Amino acid sequence: MKKTALIILVILLTGCLFGTQNKNIHIQGIIYHKDTDICIYNAKVEVKIGSRNYSVTSDINGQFTLSFQTAKRSFEISIEHPDYQLLKDTIIISTKTSNPLKYNLIPKDNDKTIVTGRIDYALPEIEVRSPTFSAANFVDKDYSITQNDEITEIIIQPFTYSENTASRLAEELQADYYRLYPDIGVIVLGKPVGTHTDDFLYKAQAHPLVYQADINYPVIPLSTPLAPIRPNDEYYDEQWSLKAMYLPQAWQVEKGSSCVRIAVLDTGVDADHEDLRQILNLEDAYNVFTDDNNVQDPGQTRSTDIPISHGTHVIGIIGAQTNNKTGIAGVTWQTDIIPILVLKQPGGTIADVAAGINKAVELGVDIINLSLGIPGEFADPYKSPLYTALQSAYNQGIIIVAAAGNTGELLYPAKYPEVIAVGATTYEHTVAWYSASDGVRLFAPGGHDDLQIISTDLNTYSTSKGTSMAAPHVTGLISLIKSK
């Protein structure tokens, strides 16, 4: 079918017209529904020149751009869309330069009514309340990883898993020690003194008993804690993040359900916190280091001698008891949170997190929250036992939420396609300066230097910022949706 509207072509030419030299052709155009100004999105525009094809799809404004080289005087252009009749045309190249070309497409079904419009959403203006406390920022050095901190362990997937295999590998590779993870079929080896980790890894990868080996990178909580506070009243007015997500309106529809089970893989938790007792499931809780359900966090002592519990802070954001005249409100008012301890001072490892994910799968949870990240590069991220564990969870229908990273770069495990990567925003609805952005699936409040996220902490409440804080906001929201 020929075109149904005027064609105006934009062509940029170099070299001699109609000679044998190739000319640079640059086409811009707009595609409309017949006899309207309604733009057509995702139409395929294709140019054929001899045996070569150049194609592009129209954007949300119906616009497209194509660039190519040819010595021919003409070329064929076609436009396809599943709801419209095919349009074909032959373009004659000239030296004239004018407006973009415009096409009208004829619908296949003339009985359909075409409606067009744009839906925007309003971002609430957050009333910023002056904090009722003052605290100085400090760097969480206990969780920082520097280039001078050599990693001393490798993680191995043998062809055949057994303790004999582990013992043999440790002996033949002269490992300082070995550690078994039978649930995920991996072995962790400590490098011998005086050997660089990279050299130790290379020897392990070349061993005939080894299917896959990689560095057992540390996994760290992705937050920047600040000094805690000692509240004597409710802090809901300080929780700008809940208003930024329209949660007060959402709670009119759904407040949550204890039938939704959330596994929070993190440090331990303050199991006796007055704002968390009702939502913690300590019977199913699991500690990967001690193979029991003791997940009480002793806290991390800072230079100020004030303990900080990263896991308690994350869990409080998701589901701190709401409307109890104490402390803070959780994103969801009711849920079943299962703490799984995979991080301890100064963190954990890939093997620990993988084991924790497998435990969450075994417990049949609905959602997994991973406010942690791996500051290192895999030899092959898709052969890692971490990815195997995540795939197992994903294939069971478990929704996996992970912090995107606080260095501007998307980190694993958030980088895996099975995971919802969550970046951080400020109270001004802008992406936080520290947050990863490329490849991030969702953004949620994570705090800024001047206004952080307030949540539960060991025996108290504290403020913190990071994608660690953004991820549990999304986890809590998913819990509300699943409850409904």
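## Close-up views of a predicted protein model

Of the 484 residues of the protein chain, 53% count as buried. The model is predicted, and the legends below describe selected parts of it.

**Figure 1. Overview of the protein chain, with its eight helices and 26 strands.** The chain exposes about 23,000 Å², and 47% of this area is supplied by carbon and sulfur atoms. Among contacts with a separation of 6 or more, residues 24 or more positions apart account for 70%. The buried share of the chain is 53% of its 484 residues.

**Figure 2. Packing of helix 6 (residues 350-363) with helix 7 (residues 385-395).** The axes of the two helices come within 9 Å and cross at roughly 15°. Because angles under 35 degrees count as roughly parallel, helix 6 is described as roughly parallel to helix 7. The crossing of this pair is left-handed. Helix 6 contributes Ile350, Val353, Ala354, Ile357, Asn358 and Val361 to the contact, and helix 7 contributes Pro385, Leu386, Ala389, Leu390, Ser392 and Ala393. Sorted by class, these residues comprise ten nonpolar and two polar residues, with no charged residue.

**Figure 3. Packing of helix 5 (residues 310-319) with helix 8 (residues 467-483).** The axes of helix 5 and helix 8 lie 8 Å apart, and the helices pack at an angle of about 35°. The crossing of helix 5 with helix 8 is right-handed. On the helix 5 side, the residues involved are His310, His313, Val314, Ile317 and Ile318; they meet Ser468, Met469, Pro472, His473, Thr475 and Gly476 of helix 8. By class, the contact holds five nonpolar and six polar residues, and no charged residue is present.

**Figure 4. Surroundings of leucine 265 in strand 14 (residues 256-266).** Leucine 265 has a relative accessibility of 0% and therefore counts as buried. Beyond its neighbours within four places in sequence, leucine 265 is in contact with Ile340, Val342, Val353, Gly356, Ile357, Ile368, Asn369, Leu370, Ser371 and Leu372. Of these contact partners of leucine 265, Val353 and Ile357 also take part in the contact of helix 6 with helix 7. The C-alpha atom of leucine 265 is separated by 9.8 Å from that of aspartate 352, although the two residues are 87 residues apart along the chain.

**Figure 5. Surroundings of alanine 213 in strand 11 (residues 210-215).** Alanine 213 is buried, its relative accessible area being 3%. When residues up to four places away in sequence are not counted, alanine 213 touches Ile155, Ile156, Leu201, Ala204, Gln205 and Ala379. Tyrosine 202 is eleven residues from alanine 213 in sequence, and the C-alpha atoms of the two residues are 8.6 Å apart.

**Figure 6. The loop between strand 22 (399-403) and strand 23 (420-425), with proline 413 and tyrosine 416.** Tyrosine 412 and proline 413 are joined by a cis peptide bond, with omega about 5°. Tyrosine 416 has a relative accessible area of 1% and is buried. Residues up to four places away in sequence aside, tyrosine 416 touches Phe378, Pro381, Tyr382, Ser384, Leu386, Tyr387 and Leu390. Two of these partners of tyrosine 416, Leu386 and Leu390, belong to the helix 7 side of the contact with helix 6. Tyrosine 382, another residue touched by tyrosine 416, lies 34 residues away along the chain, with a C-alpha separation of 8.6 Å.

**Figure 7. Glutamine 174 and tyrosine 246, two residues other than glycine with positive phi.** For glutamine 174, phi is near 60°. Glutamine 174 belongs to the loop between helix 1 (163-172) and strand 9 (177-181), and glutamine 174 is exposed, with a relative accessible area of 54%. For tyrosine 246, phi is likewise near 60°. The place of tyrosine 246 is in the loop between helix 3 (240-244) and helix 4 (247-250). At a relative accessible area of 32%, tyrosine 246 is partly exposed.

Notes. Residues numbered from 1 in each chain as written. Predicted model: local features only at pLDDT ≥ 70, side-chain atom pairs only at ≥ 80, totals over all residues. Heavy atoms only, no water. Axes fitted to C-alpha atoms, helices over the stretch in contact; angles between N-to-C directions. Helix = DSSP H or I, 4+ residues; strand = E, 2+ residues; numbered from the N terminus. Parallel < 35°, antiparallel > 145°, perpendicular 65-115°, else oblique. Left-handed = near helix turned anticlockwise from the far one by under 90°. Contact = heavy atoms within 4.5 Å. Nonpolar A, V, L, I, M, F, W, Y, C, P; charged D, E, K, R; others polar. Buried < 20%, exposed > 50% of the residue type's maximum accessible area, 1.4 Å probe, protein only. Areas by Shrake-Rupley, 256 points an atom, 1.4 Å probe, with all protein chains shown as cover.
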